[in-house]
Amino acid sequence: MYDDNGKQIRTYAEAAEYLGVSKNTVASRLRRANIAALSAVPYDDYTPANVDPEHFHDRENVMLRTLAEEEAGMHISEKRMRELERFKAKSEKLIVVYDPEYGFYWRKREKGEEYWLAQE
């Protein structure tokens, strides 16, 4: 969010002052906007079903979720975008596999596999 002079608003207090509302109102509006934005992300199209909590934060799962967020048009940080580009480059010859017991790993793509995640 930017003010009328083009300066970026970085804190709840600055946003509240700019909008003429309380900090709690700003926080509430942001939460609702994030929930609405996240509900529109097609995570099921990119990530495996029922990922064990132990593997939820694995790099491959994070990148699969980032692909879904990119598809939905959400803002992605510059750092995560660089990681995503490396993931896409690696995915040209390899494919991510999810095993509930072992987590995520990579294997060579078989002929005809066009997805990000192996359908096994």
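What share of the contacts in the protein chain with a separation of 6 or more comes from residues 24 or more positions apart? Keep that in mind while you get the whole chain on screen; the answer is 32%. One thing to know before you start clicking: this is a predicted model.

**Stop 1: the whole chain**

Switch to a cartoon view and colour by secondary structure. You should find five helices and two strands. Walk from the N terminus and the elements come in the order α-α-α-α-α-β-β. The radius of gyration is 19 Å, well over the 14 Å that the globule rule gives for 120 residues, so the chain is more spread out than a compact globule. Now turn the model around: along the principal axes, the C-alpha atoms fill a box of roughly 55 × 25 × 20 Å.

**Stop 2: the surface**

Turn on the surface. Its accessible area comes to about 8900 Å², and carbon and sulfur atoms own 48% of that. As for what is tucked away, 31% of the 120 residues count as buried.

Next, colour by charge. The protein chain carries 19 positive and 23 negative side chains. If you marked the centre of each set, the two marks would lie 5 Å apart.

**Stop 3: T66**

Hide the surface and select residues 59-71, which make up helix α4. T66 sits in this helix. Is T66 buried or exposed? With a relative accessible area of 0%, T66 is buried, because anything under 20% counts that way. Show its surroundings as sticks. Leaving aside neighbours within four places in sequence, T66 is in contact with I76, R80 and L84.

**Stop 4: a link between two helices**

Time to hunt for charged pairs. Side chains of opposite charge can pair when their charged atoms come close. How many salt bridges does a search of the whole structure find? The search finds four.

Begin with K88 and E70. They form a salt bridge, with their closest N and O atoms 3.1 Å apart. This pair ties together distant parts of the chain: K88 is in helix α5 (residues 78-90) and E70 is in helix α4, 18 residues apart. Both partners are partly exposed: K88 has a relative accessible area of 23%, and E70 has 28%.

**Stop 5: along helix α5**

Stay with helix α5 and select E78 and R82. Their side chains meet in a salt bridge, at 3.2 Å from N to O. Look along the helix to see the spacing: the two are four residues apart, so about one helical turn separates them. E78 counts as exposed at 61% relative accessibility, whereas R82, at 44%, counts as partly exposed.

**Stop 6: a small network**

Finally, select R107 and E113. Here the side chains meet in a salt bridge at 2.7 Å, N to O. Add E110 to your selection too, since salt bridges that share partners join R107, E110 and E113 into one network. Which of R107 and E113 is buried? R107 is, with a relative accessible area of 18%, while E113, at 21%, counts as partly exposed. The cut-off of 20% falls between those two values, so the labels differ.

**Before you close the viewer**

Try finding three things again without help: T66 in helix α4, the K88 and E70 salt bridge, and the network of R107, E110 and E113.

Conventions. Residues are numbered from 1 along each chain as its sequence is written. This is a predicted model: local features need pLDDT of at least 70, side-chain atom pairs count only at pLDDT 80 or more; totals for chains, interfaces and linings use all residues. Side-chain values use heavy atoms; hydrogens and water are left out. The radius of gyration is taken over C-alpha atoms; the globule rule is 2.2 Å times the number of residues to the power 0.38. Buried means under 20% relative accessible area, exposed over 50%, partly exposed in between (1.4 Å probe, protein chains only). Contact means heavy atoms within 4.5 Å. Accessible areas come from the Shrake-Rupley method with a 1.4 Å probe; for residues, only the protein chains shown count as cover. Lys and Arg count as positive and Asp and Glu as negative; His and the chain ends are not counted. The place of a charge is taken as NZ of Lys, CZ of Arg, CG of Asp or CD of Glu.
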